[in-house]
Amino acid sequence: MNKTELLKRFGKNVKIERIKQDLTQEQFAEIMNVSQNYIANIECGKANMSLAKVLELSEFLNVDIKILLDFS
C-alpha cells in the first residue's frame, strides 16, 4: 500500500463514520471547528493528518480510532 492509497482508505473510513452519524460535511466541520473544505480533503484522501488530529477526529465522531485506521 502506498501513501495515496492509505490516505484514500482513511478518508473513506472517515466518510463512512460521518454518514453513520447522519452528519453533513458542513455539520461535521462546524463540530470540529474546521472548514468544510478540510473535511472534503480528508475524505478524498488529499489531507495528511497528524496522529493527534486523527485521534481528535475519532473523538468528535465518537468512534474508536482503530476503526478509522482499519485498512483491511
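Here are some notes on how the helices of this predicted model pack, and on a few residues in and between them.

1. Ground rules. Since the model is predicted, local features need pLDDT of at least 70 and side-chain atom pairs count only at pLDDT 80 or more, while totals for chains, interfaces and linings use all residues. Residues are numbered from 1 along each chain as its sequence is written, and side-chain values use heavy atoms, with hydrogens and water left out.

2. The core. Start with the largest nonpolar core, which has 16 residues. (A nonpolar core here is a set of buried Ala, Val, Leu, Ile, Met, Phe, Trp, Tyr and Cys residues joined through side-chain atoms within 4.5 Å; buried is under 20% relative accessible area, exposed over 50%, and partly exposed in between, with a 1.4 Å probe and protein chains only.) The members touching the most others are F10, V14, F28, I42, L57, L61 and L68. Helices α1, α2, α3 and α4 each put in at least two residues; helices are DSSP runs of H or I, at least four residues, numbered from the N terminus.

3. L57 as a way in. If you want one residue to click on, try L57. Ignoring neighbours within four places in sequence, L57 is in contact (heavy atoms within 4.5 Å) with V14, F28, M32, I42, M49 and L68.

4. The inner face of α4. Helix α4 covers residues 51-61, and V54, L57, S58 and L61 are its buried residues. Looking down the axis, these buried residues fall within an arc of 100°, so they line one face of α4; the arc is taken from the directions from the helix axis to the C-beta atoms. A52 and E59 are exposed on the other side. The buried set packs against α1, α2, α3 and α5, the last being residues 65-68. Right after α4 comes N62, with a positive phi near 55°.

5. S58. This serine sits in helix α4, and S58 is buried at a relative accessible area of 3%. What does S58 touch, not counting residues up to four places away in sequence? Its partners are V63, I65 and L68. As for D70, 12 residues from S58 along the chain, the two C-alpha atoms are separated by 13 Å.

6. α1 against α4. Two packed helices are described by the angle between their axes and the distance between the axes. For α1 and α4 the numbers are about 20° and 10 Å, with axes as lines fitted to C-alpha atoms over the stretch in contact and angles from 0 to 180 degrees between N-to-C directions. That makes the pair roughly parallel. (Under 35 degrees counts as roughly parallel, over 145 as roughly antiparallel, 65 to 115 as roughly perpendicular and the rest as oblique.) From α1, the contact uses F10, V14, E17 and R18, and from α4 it uses V54, L57 and L61. The crossing is left-handed, meaning the near helix is turned anticlockwise from the far one by less than a right angle, with clockwise being right-handed.

7. α2 against α4. Here the axes come within 10 Å and cross at roughly 115°, so α2 and α4 are roughly perpendicular to each other. This crossing is right-handed. F28, I31 and M32 of α2 meet K53, E56, L57, F60 and L61 of α4.

8. The buried side of α2. In helix α2 (residues 25-32), Q25, F28, A29 and M32 are buried. They span an arc of only 100° around the axis, which puts them on the same side of α2. Their packing partners are α1 (3-20), α3 (36-43) and α4.

9. Two loop residues worth a look. Most residues other than glycine have a negative phi, and most peptide bonds are trans. Which phi does D22 take, not being a glycine? The value for D22 is positive, about 60°. D22 lies in the loop between α1 and α2 and is exposed, with a relative accessible area of 67%. N33 is another non-glycine residue with a positive phi, near 60°. N33 comes just after α2, in the loop between α2 and α3, and counts as exposed at 71% relative accessibility.
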